[in-house]
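Hi everyone, thanks for coming. Let's take a short look at one structure together, beginning with its cysteines and ending with a pair of helices.

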Amino acid sequence: MADGALAGKVAVVTGAGGGIGKAIATEFAGAGARVAVTELPEKLALAEEAATEIRLEAGAAGGDARPFPLDVRDLASIDALVEAVATEPSFGGRIDLLVNNAGINVRQAAFDVTEEAWDAVLATNLKGLFFVAQRVGRRMRDQTPAGGAIVNVSSIMGLAGYKDRAAYCASKAGVVNLSRVLAFEWAPFDIRVNALCPTFVLTPMTAPLLNDPVAGGDLLARTPLGRFAEPADVAQAALYLATAPMVTGHALAVDGGWLAV
Ligand SMILES: NC(=O)c1ccc[n+]([C@@H]2O[C@H](COP(=O)([O-])OP(=O)(O)OC[C@H]3O[C@@H](n4cnc5c(N)ncnc54)[C@H](O)[C@@H]3O)[C@@H](O)[C@H]2O)c1
């Protein structure tokens with residue numbers, strides 16, 4: 001953690017009730033940010049728990065965390081979130097950072113992909129991500145002084161293909177190129193936009209697959225560093241992208257070398 005690197009900044013992290021999003025929210029608050037921990041309305045209790053935990057840990061660093069409901073598939077929900085964060089009294093009226101982390105995956109062989117699964121994955125991972133960026137980006141453009149940084153969570157699967165993930169890989173590749181477009185268009189407003197591309201990350205949800213001796217063993221054998229990522233590895237890279245003033249339009253792999261071989 002970089003002490004104070006985000007002092008005075010307001011950050012929105014989507015899908016932050018657990019997993020990678022919670023680790024990023026924790027890292028940002030630990031660096032002094034006031035963080036909007038968003039979660040699906042039906043899972044808001046997770047965001048409340050995460051925010052309470054983060055507040056206790058990050059208070060000494062000047063960080064803060066508050067829970068907010070958000071369904072990225074719903075534009076009205078996105079607009080309500082932006083308004084709620086920008087008017088949260090303890091946040092001070094700005095949004096400086098956005099981490100577009102919410103995402104889903106449905107594993108299906110390409111021959112078996114259903115229209116329902118395709119639409120669900122694209123609606124959250126690409127369309128939802130775009131409209132959160134658009135709505136928060138407008139706020140970053142219109143505030144005084146203008147500016148901000150957006151980190152869009154993609155995956156190594158946005159940069160390379162992998163079996164049984166046609167919709168997921170398509171959505172995550174879309175996130176990488178979309179980030180370049182936004183970086184180009186929004187640079188005049190001092191808004192930086194980057195994509196973050198983690199390898200397999202050990203979370204409670206992925207543990208059954210990754211700890212499986214055959215499936216997990218195969219993935220580990222293909223990873224030069226010989227381990228899966230931890231949520232904290234991804235959070236550290238997100239903090240870098242949030243704070244690196246000359247970095248925009250980049251896709252940063254956090255992959256233990258997966259893409260190098
Ligand atoms: N876990 C991995 O191995 C891995 C690897 C590379 C990239 N990623 C990406 O990292 C991000 C986080 O993944 P994770 O492993 O922590 O998964 P996760 O399921 O623990 O977290 C995803 C979060 O997004 C939320 N979410 C889902 N649909 C939403 C919606 N419509 N609106 C708002 N929130 C919604 C979920 O409730 C959940 O809290 C995702 O974008 C994922 O694709 C994960």
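Let's start with Cys 169, which has 12% relative accessibility and therefore counts as buried; buried means under 20% relative accessible area, exposed over 50%, and partly exposed in between, using a 1.4 Å probe and protein chains only. Before I go on: this is a predicted model, where local features need pLDDT of at least 70 and side-chain atom pairs count only at pLDDT 80 or more, while totals for chains, interfaces and linings use all residues. Residues are numbered from 1 along each chain as its sequence is written, and side-chain values use heavy atoms, leaving out hydrogens and water.

So why is Cys 169 not bonded to Cys 197? The closest cysteine sulfur to that of Cys 169 is in Cys 197, and at 12 Å it is too far for a bond; a disulfide is a pair of cysteine sulfur atoms within 2.5 Å. By this rule, we count 0 disulfides. Cys 197 is buried as well, at 0% relative accessibility.

Now the helices, which are DSSP runs of H or I with at least four residues, numbered from the N terminus. Helix H1 covers residues 19-30 and helix H2 residues 44-58; they pack at about 30 degrees, with axes 9 Å apart. Those axes are lines fitted to C-alpha atoms over the stretch in contact, and angles run from 0 to 180 degrees between N-to-C directions. H1 and H2 are therefore roughly parallel, because angles under 35 degrees count that way, with over 145 roughly antiparallel, 65 to 115 roughly perpendicular and the rest oblique.

Notes. Helices (H or I, at least four residues) and strands (E, at least two) are DSSP runs, numbered from the N terminus.
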